[in-house]
Amino acid sequence: MAGVRIDLHTHSSVSDGTDTPAELVANAAAGGLDVVALTDHDTTKGWAAATEALPAGLTLVRGAELSCTSPDGRGNTCTVHVLAYLFDPDSAPIVAEQHRLRGERRHRLRRMAIQMRADGLPIDPDEVMDGLPAGSSAGRPHLAMALQRAGLVTSVGEAFDRYLNNGGRYYLPKADTPVRDAIQMINDAGGVTVLAHAFAQTRGRIVTEDVIRDLAAAGLAGIEVDHPDHDAAARARLRALATELGLPVTGSSDYHGRNKVVRLGEETTAPDMFDAIAERATGAPLLVG
């Protein structure tokens, strides 16, 4: 598999990206990827469209990014994200939890928009919510795009910096899945879990290495190391930890289309690491166009 290019973390318009699932797989093939994972937030609703549009020669890894709560190892609780791959999407616990999370996301987004309107910002909560794609998993980037349309910011990044950052005036928490429950749920559905951007300090509170050791003991199967939000020191620490734990490491773009400046395939996963992850999965097959 020499020369194979693999990106295991991307988002479509079914969550907070701007490419439709069909556009995403087309852009992945056009960008020279051989393998791409669709990992929308807390939903599998883009799987069918991506599958139907899968270009010849591109392998699709169907997955999701799960929003979770975790001890941070310092006496606090923080948010972590778990990439789940190749699980059975019809598993009853997963279907129920994803439904709950999508409702939680939409409720939070409306509350944030209402607070902005109360402060005099030209944001219409009904327009924000009505503009969401049907069945989509709502996220702060949807509100960021509304701020951009209103002329308050020039980019999604600026919207996060000025209005939507963790701990900012308009940030509201949501009731995410306990991380151990998420890992168990995916494992029970034949899937594989990888901890996403664990040391991305710009995103807020991060977990300690001991927390990751505990998650590995609970069934975590891999660690995302090469990510645009990880600096060299973070990558080195995570790579050393993965070696200690005997876990595969992945590299991924975390592509969101026009909502981020990162490109598909900006970070990639080594083929042997991808094989180690895919071989563990029994819930859903790889799909080859």
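## Strands, a helix and two cores

Strands β4 (residues 77-85) and β6 run antiparallel and are joined by 5 bridges. Two strands count as paired when DSSP finds at least two bridges between them. Strands (E, at least two residues) and helices (H or I, at least four) are DSSP runs, numbered from the N terminus. This is a predicted model, in which local features need pLDDT of at least 70, side-chain atom pairs count only at pLDDT 80 or more, and totals for chains, interfaces and linings use all residues. Residues are numbered from 1 along each chain as its sequence is written, and side-chain values use heavy atoms, with hydrogens and water left out.

**Strand β6.** Within the antiparallel pair, Ala84 stands opposite Thr193 in β6. β6 also pairs with β7, in the parallel sense, over 2 bridges. There Val194 stands opposite Gly222 in β7. Strand β6 spans residues 192-196, and 5 of its 5 residues are buried. Buried means under 20% relative accessible area, exposed over 50%, and partly exposed in between (1.4 Å probe, protein chains only). Val192, Val194 and Ala196 cover one side of β6, and Thr193 and Leu195 the other.

**Nonpolar cores.** A nonpolar core is a set of buried Ala, Val, Leu, Ile, Met, Phe, Trp, Tyr and Cys residues joined through side-chain atoms within 4.5 Å. The largest one here has 46 residues. Leu60, Leu66, Phe87, Leu195 and Ile212 have the most contacts inside it. Helix α7 (residues 179-188) gives the most to this core, with 5 residues. Apart from it lies another core, of 20 residues, including Ile123, Val156, Leu164 and Tyr170. Leu60 of the largest core is in contact (heavy atoms within 4.5 Å) with Val25, Val36, Leu38, Ala50, Thr51, Leu54, Leu286 and Leu287, leaving aside neighbours within four places in sequence.

**Helix α9.** This helix covers residues 232-245, 14 in number. From first C-alpha to last, α9 reaches 20 Å, close to the 20 Å expected at 1.5 Å a residue. The expected span is 1.5 Å times one less than the number of residues. Ala234, Arg235, Leu238, Leu241 and Ala242 are its buried residues. They lie on the same side of α9 because they cover an arc of only 135° around the axis. The arc is that of the directions from the helix axis to the C-beta atoms. Ala232 and Thr243 are exposed on the other side. The buried residues of α9 pack against α8 (209-217), β7 (222-226) and β8 (249-251). At the N-terminal end Asp231 is the cap, with a side-chain oxygen 3.2 Å from the backbone nitrogen of Ala233. Gly246 follows α9, with a positive phi near 70°.

**Three polar residues.** Thr59 is found in strand β3 (residues 59-71), and Thr250 in strand β8. Asn165 sits in the loop between α6 (156-164) and β5 (177-178).

| Residue | Relative accessibility | Class |
|---|---|---|
| Thr59 | 13% | buried |
| Thr250 | 1% | buried |
| Asn165 | 31% | partly exposed |

For their contacts, residues up to four places away in sequence are again left out. Thr59 touches Asp34, Val35, Val36, Leu286, Leu287 and Val288. Thr250 touches Leu8, Val194, Ile223, Glu224, Val225, Asp226, Thr269 and Ile277. Asn165 is in contact with Arg140, Phe160 and Tyr171. Asn165 and Arg140 are 25 residues apart in sequence and 9.3 Å apart in space, C-alpha to C-alpha.

Conventions
A polar contact is a pair of N or O atoms within 3.5 Å; within protein, one must be able to donate a hydrogen and the other to accept it, and residues adjacent in sequence count only if both atoms are side-chain atoms.
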